[in-house]
Amino acid sequence: MKRILTILIFILLTNFTFGQKETVTYKTVADNFEADYNSGNFEAIFANFSSEMQTALPLDKTKDFLSGLKLQAGKITKREFVKYEQTYASYKTTFERGLFAVNISIDNNSKINGLFIKLFKADNLPKLQRNITKLILPFNEEWIVVWGGDTKELNYHVDNEAQRNAFDFIITDEKGKSFKTNGKTNEDYYAFGKEVIAPCNGEVVLVVDGVKDNMPGTLNPIYVPGNTVIIKTANNEYLFFAHFKQHSIVVKQGQKVTQGQLLGLCGNSGNSSEPHLHFHIQNVEDINIATGVKCYFDIIQVNGQTKNDYSPIQKDKIKNIK
């Protein structure tokens, strides 16, 4: 899945405070940027950069970035000023193929000294700190937490806003190995083909199936989650399951599910190097604009001990208490 890279350049940041109304100067600069972008006049945009900005983003890199943006997102069709963030004026910007926030900062000479483009996210999205719904683990038997926790050392997902509280789960043997022999086939992995179950009652709001399983050691960056299920709880929490085995998902979009019901089988699809289950909670359905929610399980066994309202961390051995 190709995504436009976010370019964030903070140059000469100050702590000026602006009223939440677009100034004439910012409007002029933003209007010129839009006109030059749509016409492909990237040299004019570069010419309106401050000297520091030109050093940070030379003409060839400016052209590469803007031409790549235009190729993937198309022309700007509508732009609306939203607010100021530090020295940046933030614009809700509709492109032909997407909705983005275009943030522009200018210096005292009305030259662009900062440009930040990312997917647009409304300020009124739900703000969830943790799940309220009582959850069981999304599997039977004992699994191991490969990634989980609040620090980068414990959980590489923390840098991703939607996945920052995510878990990756595998199954290992008594020696700590996740496969039986040489790990060259998916079938050699203990987790491959294991049942993935619903942690609670809810409604299936998204199903993606049909993505091929990878050979162990290879990745599919085109559709990162691979075969996917998203369940919406009664408390508007969105449970996200990724990397199902191809054609193993047995639920449909719009279907009501109950706690413990089979969803599908663990696989190795998407951006996955070996069979495992990725699971996280987010505040809205769309992962592109979602914020991750801290996940706690109601009553589970952790390293042989019973834990209540517990959020697992890396290396925990966990299972449901029946």
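## Exercises on a predicted model

Ile-112 lies in strand β5, which covers residues 112-119. The structure is a predicted model, and the exercises below treat it as such.

**Exercise 1. Decide whether Ile-112 is buried or exposed, and state which residues it is in contact with beyond its neighbours within four places in sequence.**

Step 1. The relative accessible area of Ile-112 is 2%; because buried means under 20% relative accessible area, Ile-112 counts as buried.
Step 2. Once its neighbours within four places in sequence are set aside, Ile-112 is in contact with Val-29, Phe-33, Asn-48, Phe-49, Ser-50, Met-53, Ile-104, Ser-105 and Ile-106.
Step 3. For a sense of scale, the C-alpha atoms of Ile-112 and Leu-277 are separated by 45 Å, with these positions 165 residues apart along the chain, while the C-alpha atoms of the protein chain fill a box of roughly 65 × 40 × 35 Å along the principal axes.

**Exercise 2. Describe the largest nonpolar core, and work out where Leu-263 stands in relation to it.**

Step 1. The largest nonpolar core has 33 residues, and those with the most contacts inside it are Phe-169, Ile-231, Phe-241, Leu-263 and Phe-279.
Step 2. Two or more residues of this core come from each of β6 (143-147), β7 (167-170), β10 (227-232), β11 (238-244), β14 (277-282) and β16 (297-302).
Step 3. A second, separate core of 28 residues includes Ala-30, Phe-46, Phe-65 and Tyr-91.
Step 4. Leu-263 itself is found in strand β13 (residues 262-265), and it counts as buried because its relative accessibility is 0%.
Step 5. Beyond four places in sequence, the contacts of Leu-263 include Ile-231 and Phe-241, both of which are also listed with Leu-263 among the residues with the most contacts inside the core; other partners of Leu-263 include Val-196, Ile-197, Ala-198 and Val-257.
Step 6. Phe-169, treated in the same way, is in contact with residues including Trp-143, Ile-144, Val-145, Leu-277 and Phe-279.
Step 7. As background, nonpolar side chains in soluble globular proteins tend to be buried together.

**Exercise 3. Which sign does phi take in Glu-141 and in His-247, and where do these residues lie?**

Step 1. Most residues other than glycine have a negative phi.
Step 2. Glu-141, although not a glycine, has a positive phi of about 70 degrees, and it is found in the loop between β5 and β6.
Step 3. His-247 also has a positive phi, near 60 degrees, and is found in the loop between β11 and β12 (256-257).
Step 4. Glu-141 is partly exposed, at a relative accessible area of 45%, whereas His-247, at 59%, is exposed.

**Exercise 4. Establish how much confidence the predictor attaches to the protein chain, and where detail should be read with caution.**

Step 1. The mean pLDDT of the protein chain is 91, and 93% of its residues reach 70 or more.
Step 2. Over residues 1-19, however, pLDDT stays under 50, and the model has 47 contacts beyond four places in sequence for this stretch.
Step 3. Where pLDDT is low, the predicted coordinates should not be read in detail.

**Exercise 5. Summarise the protein chain in terms of its secondary structure, burial and contacts.**

Step 1. The protein chain contains four helices and 18 strands.
Step 2. Of its 322 residues, 46% count as buried.
Step 3. Among contacts between residues at least 6 apart in sequence, 62% join residues at least 24 apart.

Definitions and conventions:
Residues numbered from 1 in each chain as written. Predicted model: local features only at pLDDT ≥ 70, side-chain atom pairs only at ≥ 80, totals over all residues. Heavy atoms only, no water. Core = buried A, V, L, I, M, F, W, Y, C linked by side-chain atoms within 4.5 Å. Buried < 20%, exposed > 50% of the residue type's maximum accessible area, 1.4 Å probe, protein only. Contact = heavy atoms within 4.5 Å. pLDDT = per-residue confidence, 0-100.
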